[in-house]
Amino acid sequence: MALLEIKNLQKSFGDLKVLKDVNMSIEEGEVLVIIGPSGSGKSTFLRCLNLLETPSGGEILYDGKDILKPKFAVREYRQQVGMCFQRFNLFPFMTVLNNVTYGPIHLLKMPKEQAQAEAMALLEKVGMAAKANVYPDTLSGGQQQRVAIARSLAMHPKMMLFDEPTSALDPELVGEVLCTMKELADDGMTMAVVTHEMTFAEDVADRVIFMDGGVVVEDDTPDEIFSNPKNPRTKAFLSRILDR
Amino acid sequence: MRTLQNLNFPKAMAELLPKLFGQALEIVLIVSVVAFVLAILFGFLFALGRLSHHKILNGILVVFQEFIRGTPLLVQLVYIYYVFPLFVEIIAYWCGNPTFKCTLSATVAGVIGLTINYGTYISEVIRSAILAIDKGQTEAALALGFSKRQAMFRIVIPQAFRNSIPVFGNYLLTLVKDTSLMAYITAPELLQTTKAYISQTFTTIESYSILAVVYLVICLILSGLLKVAERKLVRRR
């Protein structure tokens with residue numbers, strides 16, 4: 001059974017239908033990369049997956065349970081689904097270490113010492129241990145994003161969502177974040193990534209989804225999508241992106 | 001007719017300053033501190049009320065706010081000191097207690113008036129500071145699994161408060177100066193004490209000049225303290 005199964009998902013903002021009818025699933029351990037032109041609804045789709053946006057219709061099944069049902073335990077679900085944002089959104093009044101331990105201490109009720117030990121291990125993993133005691137505003141964008149990844153991982157999520165994690169970064173800082181994400185993928189983390197980094201999609205994704213106009217236009221392996229796109233919209237998009 | 005030659009500053013200082021630095025200064029400082037702390041508390045609760053989606057509560061608060069902003073603080077103080085107790089007595093009368101006497105001390109009336117007035121203004125500072133915090137902060141907290149309320153109280157409000165501190169400082173300075181309005185509700189604060197001294201000695205120029213300098217010194221010291229506090233508290237935005 002798929003970890004997440006999305007059926008007929010719709011989202012409108014007023015009269016604007018951003019997601020028309022999205023159907024897809026994410027398997028456990030899978031790295032799914034979502035690509036598409038701006039305004040195609042891919043970010044909205046990702047934000048619906050942890051209910052930062054409330055879908056207007058459809059179903060999202062997590063382990064077979066519909067997360068859109070009123071009785072569904074949204075906060076517990078969000079603890080299991082980490083999210084990294086385009087603009088990192090670290091808490092600026094806390095040190096890097098406290099950013100990472102804040103969730104485990106207050107939500108998982110983890111003892112402080114254990115939370116700090118785990119946080120240091122995670123910061124080590126993303127290469128930020130040396131900056132544990134500084135405040136986020138002294139870090140570069142790439143460093144902040146790596147801390148944000150560590151912050152999400154500290155909650156022991158079953159799955160990670162990435163909403164254009166490198167779009168706000170200077171070009172020379174993109175690599176370090178993608179590298180961290182690749183390591184995460186190699187560890188077997190289930191990931192859904194919205195990105196414009198096509199090389200990342202080609203190298204790391206198990207599956208690539210091309211979205212346009214609020215629907216999934218093509219859903220296939222990266223090999224197929226990039227070397228043999230079937231839909232003319234996918235072809236047009238990729239030729240625009242790749243022939244720069 | 002008084003001339004500059006027969007001004008006697010040393011004498012006025014020797015007599016007036018001890019009076020000012022006694023009970024008068026005490027009242028000003030206590031009222032300022034108490035009213036300021038209460039005003040921030042009041043303003044905070046008021047701001048939360050305004051940010052809630054409760055339509056009726058919001059409406060009441062907006063009307064109240066316009067009332068406070070649309071009438072002078074002096075009138076509010078006079079109203080609280082002279083009129084409010086009368087209303088209480090009328091209500092007591094209706095409730096079958098015709099001998100009930102209600103009086104507010106001038107200091108208490110002053111604290112109430114300043115709290116409500118400043119609290120109302122401060123509520124707007126806090127409200128806009130809360131609204132100015134990036135939505136991403138709330139989203140990050142929600143994504144970790146915090147509730148909306150937790151995101152608000154643990155992540156958004158601490159930042160909003162920190163950002164408001166410089167503005168709070170400004171309000172504290174004006175509040176200290178506005179305690180002088182309490183002279184009109186008989187509180188024996190700095191202005192009232194000075195006026196009493198003048199009525200006995202007719203040293204108008206000397207006394208009011210001394211009063212002005214005393215306020216200036218208080219405010220300069222306060223503003224120095226505020227700068228230090230700001231530097232310590234506004235570490236991070």
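This is a short chat about the fold of chain B and the cysteines in a predicted model.

Q: How many helices and strands does chain B have?
A: Chain B has eight helices and zero strands. From the N terminus on, the elements run α-α-α-α-α-α-α-α.

Q: Is chain B a compact globule or more spread out?
A: More spread out. The radius of gyration of chain B is 22 Å, and the globule rule gives 18 Å for 237 residues, so chain B is well over that value.

Q: And what box do the C-alpha atoms fill?
A: Roughly 75 × 55 × 25 Å, along the principal axes.

Q: What share of chain B is buried?
A: Of its 237 residues, 43% count as buried.

Q: What about the exposed area of chain B?
A: About 12,900 Å² is exposed, and carbon and sulfur atoms supply 70% of that.

Q: Which contacts join residues at least 24 apart in chain B?
A: 77% of the contacts between residues at least 6 apart in sequence.

Q: Switching to charges. How far apart are the mean positions in chain B?
A: The 21 positive and 11 negative charges have mean positions 8 Å apart.

Q: How many disulfides over all chains?
A: The count is zero, with a cut-off of 2.5 Å between cysteine sulfur atoms.

Q: Where is the nearest cysteine sulfur to Cys84(A)?
A: On Cys179(A), 15 Å away. Cys84(A) is in no disulfide.

Q: Is Cys84(A) buried or exposed?
A: Buried, at 1% relative accessibility.

Q: And Cys95(B), what is its nearest cysteine sulfur?
A: That of Cys102(B), 13 Å away, and Cys95(B) is in no disulfide. Cys95(B) counts as exposed, at 63% relative accessibility.

Notes: Residues numbered from 1 in each chain as written. Chains lettered and ligands numbered in written order. Predicted model: local features only at pLDDT ≥ 70, side-chain atom pairs only at ≥ 80, totals over all residues. Heavy atoms only, no water. Helix = DSSP H or I, 4+ residues; strand = E, 2+ residues; numbered from the N terminus. Rg over C-alpha atoms; globule rule 2.2 N^0.38 Å. Buried < 20%, exposed > 50% of the residue type's maximum accessible area, 1.4 Å probe, protein only. Contact = heavy atoms within 4.5 Å. Areas by Shrake-Rupley, 256 points an atom, 1.4 Å probe, with all protein chains shown as cover. Lys, Arg positive; Asp, Glu negative; His and termini not counted. Charge placed at Lys NZ, Arg CZ, Asp CG, Glu CD.
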